[in-house]
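The following exercises concern a ligand and the empty space inside a protein. Please examine the sequence and the structure before working through the solutions.

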Amino acid sequence: MNVNGKHYRTIWVDQEDPESIEIIDQRLLPHRFETVKLQTVEQAHKAIRDMLVRGAGLIGATAGYGMYLASLSAGSKAIHNDLREAGSFLKSARPTARNLAWAVDRILAKVGHLDSSTEIRKTALTAANLIADEDAQFCRQIGEHGRSLIEAISSKKAHKRVNILTHCNAGWLAFVDYGSATAPIYAARDAGIDLHVWVDETRPWNQGAKLTCWELQQEGISHTLITDNAGGHLMQHGEVDMVIVGSDRTTYTGDVANKIGTYLKALAAKDNQVPFYVALPSSTFDWSLDRGAAIPIEMRSGDEITSITGQTKSGTIETIRIAPESVVAANYGFDVTPARLVSALITERGIVKADKTAIRKMFPEKNSDKL
Ligand code: MRU
C-alpha cells in the first residue's frame with residue numbers, strides 16, 4: 001500500500017544485499033517511518049517479540065525470512081538440526097498468531113529432504129518469498145470477496161455510505177500488503193463505494209489509533225478514531241452497518257482469536273443485529289484445534305497498561321506513566337469470539353460460515369481425522 005504516495009510492502013529482501021531483510025519499525029508509527037535491517041535469526045525473533053513487526057500475516061512472513069537467515073549462518077554439517085532449533089526459537093517469540101508456527105513448519109518441510117547447504121539456503125529463500133507473495137495475494141482476494149458484502153449493504157441504504165467498524169490493525173501493516181480486514185475496504189473504495197471507517201483505538205498498544213488511522217489516512221479513506229468502549233453506543237444509534245475484524249488464530253470450528261476487546265464488539269453487534277465479519281487468510285486457521293478455549297492467549301507486560309507512549313510536542317517519542325506506581329496490571333493480548341457470534345469468515349477462497357462443515361467444504365485438503 002502507499003506511504004506518501006510510494007508503494008511499500010511491510011517486508012522485503014534488500015535488493016543490494018540479498019542476505020538482509022528489510023522491515024518497517026512499526027513501534028515508531030505514525031510519527032516516524034523508519035526501516036530496519038534483519039540479518040540474523042536472533043534479530044528476526046526480536047523484531048517479532050518486541051513488535052517492530054506484528055499482525056498474524058507479517059509475523060508469519062518474518063518467521064519465513066527468519067528461517068532463511070538461520071540457514072545462512074547454520075553450520076553445513078548440522079544444518080537440519082540448526083534449522084529445527086532456529087524454528088523452535090522463532091516459534092517462542094509470540095504465542096497466539098497461528099501464522100508463526102505455520103511459516104516455520106512450511107520452510108522446514110520444504111528443505112527437509114535436501115542435502116546441500118547451498119540448495120537449502122536457496123530453497124529457504126524461495127519458500128520465504130512465496131509465503132510473502134501468497135500473503136499479499138490472499139489478502140487481495142479477501143478484498144474482492146469482502147467487497148461484495150459492502151456493496152450489498154450500500155445498495156440497500158438510502159444514503160449509500162457504509163459505516164464499517166474495525167478493531168486493532170488488520171491492515172496492510174499486519175500482513176505483507178492490503179491487510180485482511182482492510183482489503184475489502186480498499187476494494188470497495190476502488191469500486192467507487194462511499195464508505196467510512198470507525199477505528200477502535202485498541203488499548204493498550206493502540207494499534208488502531210497509531211496504525212490503522214495512519215494507513216487509512218495514507219490511502220485517503222474517510223475514518224474516525226473512537227475509544228474502545230464507543231462501538232456499542234454507535235451500534236445502538238444505527239451508526240455501524242457492519243464490523244470487519246482480522247484474526248490471529250481461528251479454529252477449524254470457526255472460533256476466532258483476535259486482539260483483546262474483539263469479543264465485546266461481537267456481543268454488541270449481535271445485540272444490535274449488526275453483521276460481524278472476520279477476514280483471514282487460510283494460514284491463520286489452526287487445523288488442529290476444535291475449540292477457541294484451547295488457543296494460547298498471550299500475556300504481555302503490565303507496563304503497556306500502566307504507561308502510554310506517544311510523541312511530545314518537541315518531536316521526541318516518550319513513555320509516561322498513567323497508573324499508580326505499585327498497581328498490579330494484567331495484560332491479556334487476545335480474546336476469543338465464539339463462532340456463533342460470527343456472521344461469516346472472509347477468506348481468500350470466498351465467504352464461509354464459521355462452522356466446521358462449511359470450513360471443511362471450502363478447504364477439503366486440510367481435512368484431518370479430527371474434522
Ligand atoms: O498484537 P498484534 O498487533 O500482533 O495483534 C494482531 C492484531 O493486530 C490483531 O489482533 C489483528 O486484528 C489480527 S492480525 C491480522
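For the classes used below, Ala, Val, Leu, Ile, Met, Phe, Trp, Tyr, Cys and Pro count as nonpolar, Asp, Glu, Lys and Arg as charged, and the others, Gly among them, as polar. This is a predicted model, in which local features need pLDDT of at least 70 and side-chain atom pairs count only at pLDDT 80 or more, while totals for chains, interfaces and linings use all residues. Residues are numbered from 1 along each chain as its sequence is written, and side-chain values use heavy atoms, with hydrogens and water left out.

**Exercise 1. Describe the largest cavity.**

Step 1. On a 1 Å grid over the protein atoms alone, a cavity is a set of points where a 1.4 Å probe fits but cannot get out; lining residues have an atom within 4 Å of a point. Grid points are joined across faces, edges and corners, and a volume is the space filled by probe spheres set on the points.

Step 2. By this rule there are 5 cavities of 30 Å³ or more. The largest cavity holds about 140 Å³ of space. Its lining comprises 19 residues, of which Arg54, Gly55, Cys168, Asn169 and Asp248 are the closest to its centre.

Step 3. Sorted by class, the lining of the largest cavity has 7 nonpolar, 8 polar and 4 charged residues.

Step 4. Domain 1 (2-134) and domain 2 (144-366) both contribute residues to this lining, so the largest cavity lies between them. The domain bounds come from an automatic or database domain assignment.

**Exercise 2. Characterise the surroundings of the ligand.**

Step 1. The space taken by the ligand is the largest cavity; a molecule sits in a cavity if more than half of its atoms lie within 2 Å of its grid points.

Step 2. Around the ligand there are 17 residues, and Arg54, Arg94, Asp248, Asn258 and Lys259 come nearest (near means a heavy atom within 4 Å). This shell divides into 7 nonpolar, 6 polar and 4 charged residues.

Step 3. Next come the polar contacts (pairs of N or O atoms within 3.5 Å). A polar side-chain atom of Arg94 is 2.8 Å from a ligand oxygen atom, and a side-chain N or O atom of Gln207 is likewise 2.8 Å from an oxygen atom of the ligand. For Asn169, a backbone N or O atom lies 2.9 Å from a ligand oxygen atom.

How values were computed
A polar contact is a pair of N or O atoms within 3.5 Å; within protein, one must be able to donate a hydrogen and the other to accept it, and residues adjacent in sequence count only if both atoms are side-chain atoms. On a 1 Å grid over the protein atoms alone, a cavity is a set of points where a 1.4 Å probe fits but cannot get out, and a pocket is an open set with protein on both sides within 12 Å along at least five of seven lines; lining residues have an atom within 4 Å of a point.
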